Amino acid sequence: MAVLRSYRRFVVVAWQFLPLVWGYLRDRRRFLLFGSSRRVTSERRVERAERLLDSLLTLGPTFIKLGQLLSTRPDVLPPEYVDVLTELQDRVPPADWENARVVLEGELGPVDEVFDDFDREPISGASLGQVYTAEVEGEPVAVKVRRPGIEELVEADLRVVRWTLPVVARFVGEGRAFSLRNLADEFSKTIREEMDYDREAEMLTEIRANFADDPAVAIPPVYDDYSSSRVLTMQYISGTKISNVEELERKGIDRSRVAETLERTYLQMIIEDGVFHADPHPGNLAVRDDGTVVFYDFGMSGRVDEFVQQKIVDFYVAVANQDIDAILDALIEMGTLSPEADRATMAEVMELAIQDARGESIETYRVQQIVGKVEDTIYEFPLRLPSNLALVLRVATVVEGVCVTLDPEFDFISVATEYLTEQGYREESIRQFATQTAEQLRDSTQSAVRIPPKLEDALNRVEREDLHVRADLEDNNGVIDRLARRLVLGLVLATSVPTTALLYAFEDLTLATALAGVFTFLVALALYRSFRRRRGIRATPQFTRQNLRNRD
């Protein structure tokens with residue numbers, strides 16, 4: 001029965017996505033023999049992204065959650081799609097109360113007996129659950145209830161995603177296929193975790209304990225006796241929505257201080273604690289009248305291992321120091337940039353991104369601008385985004401956006417640099433640099449002693465004509481392979497054209513003559529397409545400080 005439901009869902013999903021898939025294949029020139037691939041404008045991408053948004057809303061909670069996840073994956077979708085899909089955060093229709101009551105009473109018992117008071121109108125709706133306000137022993141609480149029937153629907157939709165992935169992967173590049181496989185694994189794991197309210201309560205409690213001594217942060221405690229795997233009851237902490245700038249201004253709240261508190265809180269979560277709230281959009285953040293930042297909804301939360309924590313620190317320090325090589329090293333070690341990538345080109349791209357993002361001084365550019373440029377690079381170049389970094393990237397971009405909404409002049413990098421300095425990370429980076437420099441100096445001294453005897457031995461072998469050199473040619477981009485293919489096709493065409501001409505001149509129009517003509521045409525077409533196809537980077541920036549330093 002479950003499999004039959006999955007087949008029905010597959011047909012529905014395929015019908016919804018068929019126009020988008022057809023348009024994508026036409027752009028890639030999959031079904032045409034002549035003509036170049038179409039150039040897709042930004043306006044066309046926005047139009048298609050809005051159509052995708054409507055399809056996801058039509059398909060229901062699972063695909064709404066998939067769209068929310070896609071909005072954090074610039075390695076899978078162009079920036080225009082990412083921007084449009086962020087609207088899914090606020091466009092989830094609520095479930096009917098009577099259906100939600102079945103779930104709630106099935107877990108805790110009759111609503112009117114368990115709670116002193118219960119408001120039937122939800123205050124917040126999400127793709128997998130919705131939140132109501134109630135009272136327990138005179139205390140206001142927020143009750144999060146899983147959507148009715150969501151488990152069966154999610155499992156059916158996950159089967160559809162697994163069936164569809166190999167088909168989609170055949171039509172995209174290797175780098176994006178890698179990201180799609182990661183995305184599918186991440187999606188299956190994340191959506192199951194988010195449906196488990198026992199896990200959410202555990203993560204919430206752990207994060208709350210990490211900020212128990214911080215008066216600037218408020219995280220609601222869990223009412224364990226009123227919670228289960230499908231119902232989560234927490235203390236209700238009211239506050240002004242963090243994006244409601246006018247109301248914050250009216251209450252006299254220092255918005256710059258709120259922005260700094262928010263950034264420092266997430267830096268501590270990711271760099272120090274290793275466990276973090278991963279859904280910081282404005283609907284999950286509020287500000288109390290004293291400026292305290294309130295966090296809601298810990299269903300999407302994650303952990304960061306020590307290695308990734310250190311690499312994130314290295315990346316932030318490298319950005320603060322404007323050290324292009326260190327930025328690339330951090331990206332490679334995190335698995336975001338392939339070691340086989342053209343490092344010189346990527347260094348120039350990264351430098352141009354930072355140059356374009358920064359202000360008059362090094363400390364005035366913003367992380368969102370940098371990440372935005374990197375997101376564009378991820379889509380255009382063969383970069384990858386490992387699943388363990390997707391939530392971290394989401395947090396960095398969304399938090400910076402919230403901070404800038406609070407204070408348009410907010411300097412994200414300056415606060416991050418100050419935090420890293422206070423924690424001693426920049427001093428540690430300087431010590432590591434000094435240690436590495438000392439080791440390089442020692443190695444250089446040893447090499448200076450060893451090289452002269454080896455050089456003399458090599459010259460003696462040259463003099464005796466006893467020196468042999470072996471060279472291995474690497475062709476990662478397939479240039480030689482394409483050249484050989486063109487030579488073979490050219491030779492075949494050079495022989496088939498006169499042969500076909502002779503057949504037409506001295507023979508009647510027979511099947512062999514027609515086949516020879518078709519064969520010659522196909523060879524000519526293949527040769528023409530091999531010259532029309534372009535791979536890799538068509539142009540690289542020429543005038544950057546990286547080039548000038550290399551020339552110097």
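**Notebook: rings, strands and helices**

I looked up Y223 and found it partly exposed, with a relative accessible area of 21%. I note here that the model is predicted. Then I checked Y226. Y226 is buried, with a relative accessible area of 17%. The cut-off explains the two labels, because buried means under 20%.

**Entry: aromatic rings**

I searched the whole structure for aromatic pairs and got 8. I picked F115 and Y226. Their ring centres lie 6.0 Å apart and their planes meet at 40°, so I call this pair tilted. Where in the chain do F115 and Y226 sit? F115 is in the loop between α6 and β1, and Y226 is in the loop between β5 and β6. They are 111 residues apart, so the pair links distant parts of the chain. Both F115 and Y226 are buried.

Next I took Y223 with Y226. The centres are 6.5 Å apart and the planes stand at 70°, so this pair is edge-to-face. I then traced the ring pairs further. They link W97, F115, F118, Y132, Y223 and Y226 into a cluster.

I also looked at R146. It lies over the face of Y197, 5.9 Å from the ring centre.

**Entry: strand β4 and its partners**

Is β4 buried or exposed? I found 6 of its 8 residues buried, so the strand (residues 139-146) is largely enclosed by the rest of the structure. I followed its pairings. β3 (residues 129-136) runs antiparallel to β4 over 8 bridges. V131 has K144 in β4 as its bridge partner. The β3 and β4 hairpin has 2 residues between the strands, and E137 there takes a positive phi near 55°. β4 also pairs with β6 (residues 231-235), antiparallel, over 5 bridges. V145 is matched with V231 in β6.

**Entry: a mixed sheet**

I read off an open sheet of 4 strands, in the order β5-β10-β9-β7, with mixed pairing. Its edge strands are β5 (217-218) and β7 (240-241), each paired on one side only. β5 and β10 (residues 293-295) run parallel and are joined by 2 bridges. V217 stands opposite V293 in β10. Helix α11 (residues 255-273) lies across β5, β9 and β10, at about 45° to β10.

**Entry: two packed helices**

Last, I checked α2 (residues 42-59) against α3 (residues 61-70). They pack at about 145°, with axes 6 Å apart. Which residues meet? L56, L57 and L59 in α2 meet P61, F63, I64 and G67 in α3. I sorted the contact residues into 6 nonpolar, 1 polar and no charged.

Notes. Residues are numbered from 1 along each chain as its sequence is written. This is a predicted model: local features need pLDDT of at least 70, side-chain atom pairs count only at pLDDT 80 or more; totals for chains, interfaces and linings use all residues. Side-chain values use heavy atoms; hydrogens and water are left out. Two strands pair if DSSP finds at least two bridges between them. Contact means heavy atoms within 4.5 Å. Axes are lines fitted to C-alpha atoms, for helices over the stretch in contact, and angles run from 0 to 180 degrees between N-to-C directions. Ala, Val, Leu, Ile, Met, Phe, Trp, Tyr, Cys and Pro count as nonpolar, Asp, Glu, Lys and Arg as charged, and the others, Gly among them, as polar. Buried means under 20% relative accessible area, exposed over 50%, partly exposed in between (1.4 Å probe, protein chains only). Rings of Phe, Tyr and Trp (its six-membered ring) pair if their centres lie within 6.5 Å; planes under 30 degrees apart count as stacked, over 60 as edge-to-face and the rest as tilted. A charge sits over a ring if NZ of Lys or CZ of Arg is within 6 Å of the ring centre and within 35 degrees of the ring normal.
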